[in-house]
Amino acid sequence: MVSRFSAARSLLLAGALLLPLCAGAGEPMENPWFWGVGSCNYHVPLRESEAMIDRQLNTFFPLIFPNWERPVTFADWSEDFMIWDLWGLVGRKLSPEWSCFAAVGGSGAPIHNHESPKLFGVVPFKADMGFTRADVYGSLGLTYYPWGMPQYPESGSFLSRAVNGAKPFVELMTNYTYLHATATVKMGPVFAPSLVKQKQVFDYHLVDFAPTLGAEFPVSPKSAVLLKVNYHFFTTHQDEFNSPAFSISFKHSFGGGRVVK
């Protein structure tokens, strides 16, 4: 008797958990999965890196090279909104208001500086300074639509449908990032330009949390464009990486979309 009661209770519990994922009694279940691709711009301060570059290059060398020019670094790229990444995701609708996703992405770029300073303004030198960065990351996120997910309007122009069908959302992401960075300096007189060589390598293992605000604009019954702004709070190296970011992405549902009048 007890075992039958336990079995019945388990079946009822399983049914209660599955009901929110069903389209409705007597209706086929809509495929809740979706995929997406996008790009994000990071406005990182990089204060630790800049302090190190200033100590090693921009403090002493201007004293002996009057025409010394500060090298371009990733902090300059960040100020000019030039640090972008690419990512892809797979997600699942949990209810009309909730969804979750997993994403992977990354980026990489080199910066090269070539200068011709003159030692004490007389002896010509060559200076090559390079910086590289490459990162890969994985993300998990939970998204909430307070007024429900967007539905594609039945009529109107492409732009009016996207705008009229748009819905806001809030999101929380957690990210793990592996970042590999290098700094290389070669310097010497013109007849021996590689007289002095130095290379530094930096490896970061980073975890951050990013609360997000965004809006989703439907562009077809199954597809949408998303705009997001967020702020990344890192557990380590906060002066280097804590920063705002914004992204644009495309999302496509495997299941049938909804059209509203």
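What share of the 261 residues in this protein chain is buried? The answer is 39%. Hi everyone, and please keep in mind throughout that what you see above is a predicted model.

Let me start with the overall build. The chain has six helices and 11 strands. If you take the contacts with a separation of 6 or more, 71% of them are between residues 24 or more positions apart. As for the surface, the chain exposes about 14900 Å², and 68% of that comes from carbon and sulfur atoms.

Before the details, a word on confidence. The mean pLDDT of the chain is 88, with 87% of the residues at 70 or more. Where is confidence lowest, and where is it highest? The low end is helix α1, residues 2-18, with a mean of 39, while the high end is β9, at 98. Residues 1-29 have a pLDDT below 50, and beyond near neighbours in sequence this stretch has nine contacts in the model. Where pLDDT is low, the predicted coordinates should not be read in detail. With that said, let's move on to the inside of the protein.

How many cavities of 30 Å³ or more does the model have? The count is two. The largest cavity has a volume of about 390 Å³. Its lining is made of 28 residues, and those nearest the centre are Tyr42, Asp85, Tyr137, Thr177 and His232. If you are following along in the viewer, those five are a handy place to begin. Eight strands each give at least two residues to this lining: β1, β2, β3, β5, β7, β8, β9 and β10. In terms of chemistry, 15 of the lining residues are nonpolar, eight are polar and five are charged.

The second largest cavity holds about 120 Å³ of space. Here the lining has 16 residues, with Phe34, Leu89, Leu226, Lys228 and Lys251 nearest the centre. The elements that contribute two or more residues are β1, β2, β3, β9 and β10. By class, this lining splits into eight nonpolar, four polar and four charged residues.

Now to a pocket, the second largest one, at about 430 Å³. It is lined by 28 residues, and the closest to its centre are Ser49, Ile53, Phe131, Ala181 and Phe202. Which element gives the largest share of this lining? That is α2, with seven residues. At least two residues each come from α2, α4, β5, β7, β8 and α6. The classes here are 16 nonpolar, eight polar and four charged.

Let me zoom in on a few single residues. Cys40 is in strand β1. Is Cys40 buried or exposed? Cys40 counts as buried because its relative accessible area is 5%, under the 20% cut-off. Leaving out residues up to four places away in sequence, Cys40 touches Ile83, Trp84, Asp85, Trp87, Ala245, Phe246 and Ser247. You may remember Asp85 from the centre of the largest cavity's lining list. Cys40 and Gly105 are 65 residues apart along the chain, and their C-alpha atoms are separated by 9.9 Å.

Another one is Gly214, in strand β8. At 14% relative accessibility, Gly214 is buried too. With residues up to four places away set aside, its contacts are Lys167, Pro168, Phe169, Leu227 and Lys228. Lys228 also came up among the residues nearest the centre of the second largest cavity. The C-alpha atoms of Gly214 and Val170 are 6.3 Å apart, with their positions 44 residues apart along the chain.

Finally, two residues with a backbone quirk. Leu46 is not a glycine, and its phi is positive, near 55 degrees. Leu46 sits in the loop between β1 and α2, and Leu46 is buried, with a relative accessible area of 9%. Phe81 likewise has a positive phi near 55 degrees without being a glycine. Phe81 belongs to the loop between α4 and β2. Is Phe81 buried or partly exposed? Phe81 is partly exposed because its relative accessible area is 42%, which lies between the 20% and 50% cut-offs.

That is my tour, and thanks for listening!

Notes:
Residues numbered from 1 in each chain as written. Predicted model: local features only at pLDDT ≥ 70, side-chain atom pairs only at ≥ 80, totals over all residues. Heavy atoms only, no water. Helix = DSSP H or I, 4+ residues; strand = E, 2+ residues; numbered from the N terminus. Buried < 20%, exposed > 50% of the residue type's maximum accessible area, 1.4 Å probe, protein only. Contact = heavy atoms within 4.5 Å. Areas by Shrake-Rupley, 256 points an atom, 1.4 Å probe, with all protein chains shown as cover. 1 Å grid on protein atoms, 1.4 Å probe; cavity = no way out; pocket = protein on both sides within 12 Å on 5 of 7 lines; lining within 4 Å. Points joined across faces, edges and corners; volume = space filled by probe spheres on them. Nonpolar A, V, L, I, M, F, W, Y, C, P; charged D, E, K, R; others polar. pLDDT = per-residue confidence, 0-100.
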